[in-house]
Amino acid sequence: MIDLGDLSRPNRVVTGRQPAARRWRGLALGFAVTACLGTLHSAPTGEPTVRMAWTAPSTRTLLTQADRDTVWAHRAVDGGGELTAYELATGHARWTRPTTPAAVSAGWFSVLPDAGIVLVPSENGNTVLDAMTGAPLWQSPGSTEAHTVGTVLLRESDVEGRSTGLRLVGARDGRTIWQRPMGGIGGVQVRFGDGRPGVIAVDTGELLILLRYDDGTPLISRRLPDEAIDERYLSFAGDSVLVQFRAESAFAVTAFRLDTLAESWQAEQAGGGALDGCGPVVCLSGSKGIAGLDPVTGVQRWALPADYGIWSVLGDRIVASHSPRTSDEGRQPLVSVIDAQTGRRLGDEVPGQPAVSVIGDGRLLLLRPRPDDPVGAISVYDLDVATGRSKLIGEADYQLLNSAYELVGHHLTRLLDGQLQVMNVG
């Protein structure tokens, strides 16, 4: 058992003063901010680098998603819904397809970019569409757990919603590649990458089982501890599978070697907690701070104080922030780029609301109201994730709204005043 101790003690990047209950975590698809972009202006010098690219009507829009070159918008219409795919750079509508009342009620759709498909809820599972044309390809009877360029891993369930097994199917035609009945499935996690075969970790409630992704062959299993827990989650770090246990008064994580499922290390802390993959380390967060743990040994490499939160992870860089600690620091979160290997801060802390894109090597923008005019123009900064240095690239009018933003490479998308708006950013 590894005792994490007090993460707010020295051996940290910046001295913390006041713990904060709020914690920011990255998903990077969108976030709510009160400072919103309005009519765009040029940067203080030179040519404009923040400007409106195009808009489209978005009345009754339920949800938008974007990838490298497409924005999908799902909106409610009389008798059901309507899903439209727009070209990200130009706003050209590639296709529009009606959706069922079930899709509108569900309130979600899922884009699987590697496979080039879109999953839309229907009365009998999910309808799978071609992402480029909108043409229906096949009907999915289960929920999606993972996907590759050519395959989709489905969790199958009975009429009462209980998991009954896993099925790997072709991404374009839904044909069954393999099927494995497994009752009592809880968590499912898949690891790809490094040129190695994919591995599926399955929690059956009693057993932790590893399957080969390509053919569903069982590789190894072990019994999980029989103890009272509220929740259990699976994840991967390096050559280990991590099992997170949450109970009323404690949070714990146990690492098991992938080749033998032998226990390699364990860490726990009182109260709640969260575990994030942070590139070369595992980030364990709790009321006392964030600890960067070695994924092989569980040894703590570095720590951030209790008022820090994680927005996103971009390779070996962590986008973190904390609330202002003094009146001189203003009212905006102080954002910094952290080297995940060492825990050192790169560059200065920069006040503002972050927008993060995971496309390519990743990108980070900061939206900052002017200190001398908090309801005037918003400054837009590009924060280099390699060095932590920031550069002013443009401005925008202030609007006191609660809009959701999505940064996708060099485009910033949002819904505002009945419009889908897409801006070029740098």
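Strand β30, spanning residues 334–339 of this predicted model, is mostly covered, with six of its six residues buried. The side chains divide between two directions: Leu334, Ser336 and Ile338 point one way from β30, whereas Val335, Val337 and Asp339 point the other way, and all are buried.

Strand β30 pairs with β29 and with β31, as the following table sets out.

| Strand paired with β30 | Residues | Bridges | Orientation |
|---|---|---|---|
| β29 | 317–322 | six | antiparallel |
| β31 | 345–351 | four | antiparallel |

Individual residue pairs can be assigned on each side. Towards β29, Ser336 of β30 stands opposite Ala320. Towards β31, Val335 has Val350 as its bridge partner. Strands β30 and β31 form a hairpin with five residues between the strands, and within this hairpin Gly343 adopts a positive phi near 80°.

A separate site is centred on Leu129, which lies in strand β10, residues 125–130. Is Leu129 buried or exposed? Its relative accessible area is 3%, and because buried means under 20%, Leu129 counts as buried.

The surroundings of Leu129 can be described by its contacts. Beyond its neighbours within four places in sequence, Leu129 is in contact with several residues, among them Leu83, Trp95 and Arg97. The contacts also include Gly116, Ile117, Val118 and Val120, as well as Gly134, Ala135, Pro136 and Leu137. As for backbone spacing, the C-alpha atoms of Leu129 and Leu119 are 6.4 Å apart, although the two residues are separated by ten residues along the chain.

Methods: Residues are numbered from 1 along each chain as its sequence is written. This is a predicted model: local features need pLDDT of at least 70, side-chain atom pairs count only at pLDDT 80 or more; totals for chains, interfaces and linings use all residues. Side-chain values use heavy atoms; hydrogens and water are left out. Buried means under 20% relative accessible area, exposed over 50%, partly exposed in between (1.4 Å probe, protein chains only). Two strands pair if DSSP finds at least two bridges between them. Contact means heavy atoms within 4.5 Å.
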